[in-house]
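Please open the model in your viewer and keep the sequence beside it. The stops below say what to select and what is found there.

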Amino acid sequence: MNNDRWLSLIVGLTRNWLAINNNPILNTLRKPERLCTRKKIERLFAQGNGFMCFPYSVRWIEDADAATGAVPPVQVLVGVSKRRLHRAVDRNRVKRLTRECYRLRKQELYDALDNLSAPPILLSLNYVDTQLPDYHKLAQKFDTLVLRLQKEVALETIEPLEPLNPLNP
């Protein structure tokens, strides 16, 4: 009886583990989701669209190289200026909080991009405030940032309709 109980527990745990690890969209931030390529970063800052959503400066651009392979819908780069926060400990904390906020809200962004049939985008989040943030305030600001980014991408990807000419039906 005791062996059957252990066996059912192990089977249940294995099923749970498989359900979690076979799920393609998790609240994780894996290596392919991070923007690391120098060419992509240079193109993002040279040609990308941008907006300010305090305390972040956001830059984004459609990924032209996405057709060559399987890439995630968004590749993200997080930066904090040494000029704004002098101590490395503070910069690392802000980057960690930013990545955490993005990780928890990326599914909303993925769904919006999927609904728009938008190509994958490259995204840069640069922290521009001089004060260390509180996580809860940062999370509220990040919600605003995600909504603004969705609107910006929607405006960029939706092609305008041709105006109707009343003379030629």
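## A tour of the chain

Begin with strand 3 (residues 74-80), helix 3 (residues 88-116) and strand 4 (residues 121-127), which together make a left-handed β-α-β unit. Keep in mind that the coordinates belong to a predicted model.

**The whole chain.** Now select the entire protein chain and colour it by secondary structure, which comes to 4 helices and 4 strands. Followed along the sequence, these elements give the pattern α-α-β-β-β-α-β-α. Of the 169 residues, 35% are buried, and the surface that the protein chain exposes is about 11,600 Å², with carbon and sulfur atoms supplying 54% of it. Among contacts with a separation of 6 or more, 80% are between residues 24 or more positions apart.

**The sheet.** Next, show the strands alone: the 4 strands form an open sheet in the order 1-2-4-3, with mixed pairing. Strand 1 and strand 3 are the edge strands, each pairing on one side only. From one strand to the next, the twist averages 20 degrees.

**From strand 1 to strand 2.** Select strand 1 (residues 49-53) with strand 2, and 5 bridges will be found joining the two in the antiparallel sense. One place to look is G50, which stands opposite R59 in strand 2. The two strands form a hairpin with 2 residues between them, and P55 lies in that loop between strand 1 and strand 2. Zoom in on the peptide bond from F54 to P55, which is cis, with omega near 15 degrees. This deserves a pause, because most peptide bonds are trans.

**From strand 2 to strand 4.** Move on to strand 2 (residues 56-62), which pairs with strand 4 in the antiparallel sense over 7 bridges. Within this pairing, S57 stands opposite N126, and V58 stands opposite L125. Strand 4 also pairs with strand 3, to which it is joined by 7 bridges, but here the two strands run parallel; L77 has S124 as its bridge partner in strand 4.

**Strand 4 and I121.** How many of the residues of strand 4 are buried? The count is 6 of its 7 residues, and the strand is accordingly described as mostly covered. Select I121, which is found in strand 4, and note that I121 is buried, with a relative accessible area of 1%. Beyond its neighbours within four places in sequence, I121 is in contact with W60, I61, E62, D63, P73, V74, Q75, L113, L149 and V153. To see one of these contacts across the sequence, draw the C-alpha to C-alpha distance from I121 to V153, which is 8.9 Å for residues that are 32 apart in sequence.

**Helix 3 and the loop after it.** Return to helix 3, which lies across strand 2, strand 3 and strand 4 and runs at about 155 degrees to strand 3. Helix 4 (residues 135-157) packs on the sheet as well, touching strand 1, strand 2 and strand 4, and its direction makes about 30 degrees with that of strand 2. Then select S117, whose place is in the loop between helix 3 and strand 4. Is S117 buried or exposed? At 65% relative accessibility, S117 counts as exposed, because the cut-off for that class is over 50%. Its backbone is also worth checking, since S117 has a positive phi of about 55 degrees although it is not a glycine. Most residues other than glycine have a negative phi.

**Helix 2.** For the last stop, select helix 2 (residues 38-47) and display its side chains, picking out the buried residues K40, R43 and L44. Why do these residues share one side of helix 2? They cover an arc of only 105 degrees around the axis, which puts them on the same side of the helix. Turn the view to the other side of helix 2, where R38 and A46 are exposed. The buried residues of helix 2 pack against strand 2, strand 3 and strand 4, so showing those three strands together with K40, R43 and L44 brings this packing into one view.

How values were computed. Residues numbered from 1 in each chain as written. Predicted model: local features only at pLDDT ≥ 70, side-chain atom pairs only at ≥ 80, totals over all residues. Heavy atoms only, no water. Buried < 20%, exposed > 50% of the residue type's maximum accessible area, 1.4 Å probe, protein only. Pairing = 2+ DSSP bridges. Right-handed = clockwise from strand over helix to strand, strands pointing away. Arc of directions from axis to C-beta. Contact = heavy atoms within 4.5 Å. Areas by Shrake-Rupley, 256 points an atom, 1.4 Å probe, with all protein chains shown as cover. Axes fitted to C-alpha atoms, helices over the stretch in contact; angles between N-to-C directions.
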